[in-house]
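User: I would like to go through the reasoning behind some of the labels used for this model. Please set each value against its cut-off before drawing a conclusion.

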Amino acid sequence: MAAREGTTQPSFEHLEGKGNTKVSKDHELENNSSNVETLKANVILRGGKWYFEVKVLTHGGSVRVGWCTANHTQTSNGLGSDNESWSYDQYCQQTFTGGKETNSRYGGYPNGNDVIGVIADIDGKTLSFYQNGRDLGTAFQNVNFGDGISPAVSISRKQKIQVNLGQKAFKYSLNDVFPDLHAIHMSTTKSQMDDLTKLFEKYKAIGVNLNESTENEDVIKGQGLMDYSTDLGITDDKDPGLLVIAWKLGVNHGKCWEYSRNEFVMGWAVSGAHNLKEMKNKLDEWKKELNTPARFKSFYQFCFDYLKEERKILSMEEALTVWEMIGMDKRWPLMGKWIEFLAEKKAISRDTWRLFLNFTEQFPNDVSTYDADGCWPSMIDDFVDFMQPAAKKKK
């Protein structure tokens, strides 16, 4: 889910608005002061997987590369000095957050003109780094990214680096490893952004004209969303197309079945589609991704969080509708029995929703080997009771 806010072609700015680090047009940064200075890119990332590279042009000094939230403040130690920033320092062979190092040793020795790859998996809550194309491993797990993160660097005295946010070809492209990895710099033209904005305005206006929304609600919703769906060729109520689009655009503003301006315009721009024809083609590609178990699992988990809005549960009616839309009956032969079992159930929790998919994978054809002492939700325990006598269950 590529959720992004900010200019399409970001640049680096001093954290406190001023500093002595020189910033060139091609993102070459050189610190001529006697202090550590931190700079961050003027873009905020809230979902998806993102990548940038830093080439270290000088040696013998600290350069920290990584990420920070809007709440990170300048300190003498630089990036990683608080809980709002995370960094890797190749010179020290350490990673930092919360003002302290987090590993006894991380990464390899500097080799000269090294290229450090920096990855944020915001949905997976992890941060990792590469050195000259070599995976250094996950540096941070279960990260709380708050309201979003920005690429950032801290440069010590007399150090010089060049940052590639995607404005040119990466030295070490990782898209073969991570097909859904995004560059932060976007090649979208002003004309293409204007086309996306016009499309948004068109479908937003339909909802406003029908009193389904107001000018103050900067969203596509109601009939506007239905017309957009029809124009994309989504005409079957069982077609998961709108859910797939919400997943890939990173729609997460708290209300389902509507797209905000930034989610629509920036989401499609990041995805490289700028008109209805390109959107249709992209949607076809995204649907094919669901044939890959890992991608389907990501989509499946998104569906619950997207549809529940501010609630902790989904109604059973909603759950049954989504299972039908995403074709669970074709994925699991026992789906008919599961639906029969749920006839009198009212709702489903997030944990049960997620573990149900694991259950279908672990027991693809029957539940004869089910262990009642396993860590499954009670609803799944009850389903196994429904499917077979308790005496047959393993105790």
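Analyst: This is a predicted model, and a pocket is a convenient place to begin. By class, 5 nonpolar, 3 polar and 3 charged residues make up the lining of the second largest pocket.

User: What makes a residue part of that lining, and which residues are they?

Analyst: A lining residue must have an atom within 4 Å of a pocket point, and for the second largest pocket the residues are Met226, Ser229, Thr230, Ile234, Thr235, Asp236, Asp237, Asp239, Leu242, Trp257 and Met325. Helix H2 (residues 222–231) supplies the largest share of this lining, with 3 residues, and the space in the pocket comes to about 280 Å³.

User: Why is the contact between Asp147 and Arg46 called a salt bridge?

Analyst: The rule asks for a side-chain nitrogen of Lys or Arg within 4 Å of a carboxyl oxygen of Asp or Glu. For Asp147 and Arg46 the N to O distance is 3.3 Å, so the pair qualifies as a salt bridge. The two residues belong to distant parts of the chain, 101 residues apart, with Asp147 in the loop between strand S14 (134–140) and strand S15 (150–155) and Arg46 in strand S6 (residues 43–47).

User: Why is Asp147 classed as exposed, and why is Arg46 classed as partly exposed?

Analyst: Asp147 has a relative accessibility of 59%, and because exposed means over 50%, Asp147 counts as exposed. Arg46 has 26%, which lies between the 20% and 50% limits, so Arg46 counts as partly exposed.

User: How do you know that Glu258 and Lys221 form a salt bridge, and are these residues buried or exposed?

Analyst: Their closest N and O atoms are 3.9 Å apart, and since the cut-off is 4 Å, this pair also meets the rule. Glu258 lies in strand S19 (residues 258–260) and Lys221 in strand S18 (residues 219–221), so the salt bridge ties together parts that are 37 residues apart in sequence. Both Glu258 and Lys221 are buried, a class that requires under 20% relative accessible area.

User: What makes Glu340 and Lys337 a salt bridge, and where do they lie?

Analyst: Their side chains meet at 3.9 Å, N to O, which is within the 4 Å limit. Both residues lie in helix H9 (residues 335–341), 3 residues apart, or about one turn of the helix. Glu340, at 46% relative accessibility, counts as partly exposed, and Lys337, at 40%, is likewise partly exposed.

User: How many salt bridges does this rule give, and which residues are linked in a network?

Analyst: The count by this rule comes to 21 salt bridges. Lys49, Asp180, Lys248, Glu289 and Arg295 are linked in a network of such contacts.

User: Why are strands S12 and S13 said to pair, and how many residues of S13 are buried?

Analyst: Pairing requires at least two bridges between the strands, and strand S12 (residues 115–121) and S13 have 6, in the antiparallel sense, so they pair. Within this pairing, Ile116 stands opposite Gln131 in S13. The hairpin of S12 and S13 has 4 residues between the strands, and Lys125 takes a positive phi near 60° there. As for burial, strand S13 (residues 126–131) is mostly covered, with 5 of its 6 residues buried.

User: How do you know that S13 and S14 pair?

Analyst: The two strands run antiparallel and are joined by 4 bridges, which satisfies the requirement of at least two. Gln131 stands opposite Arg134 in S14. S13 and S14 form a hairpin with 2 residues between them, where Asn132 in the turn has a positive phi of about 50°.

Notes. Residues numbered from 1 in each chain as written. Predicted model: local features only at pLDDT ≥ 70, side-chain atom pairs only at ≥ 80, totals over all residues. Heavy atoms only, no water. Buried < 20%, exposed > 50% of the residue type's maximum accessible area, 1.4 Å probe, protein only. 1 Å grid on protein atoms, 1.4 Å probe; cavity = no way out; pocket = protein on both sides within 12 Å on 5 of 7 lines; lining within 4 Å. Points joined across faces, edges and corners; volume = space filled by probe spheres on them. Nonpolar A, V, L, I, M, F, W, Y, C, P; charged D, E, K, R; others polar.
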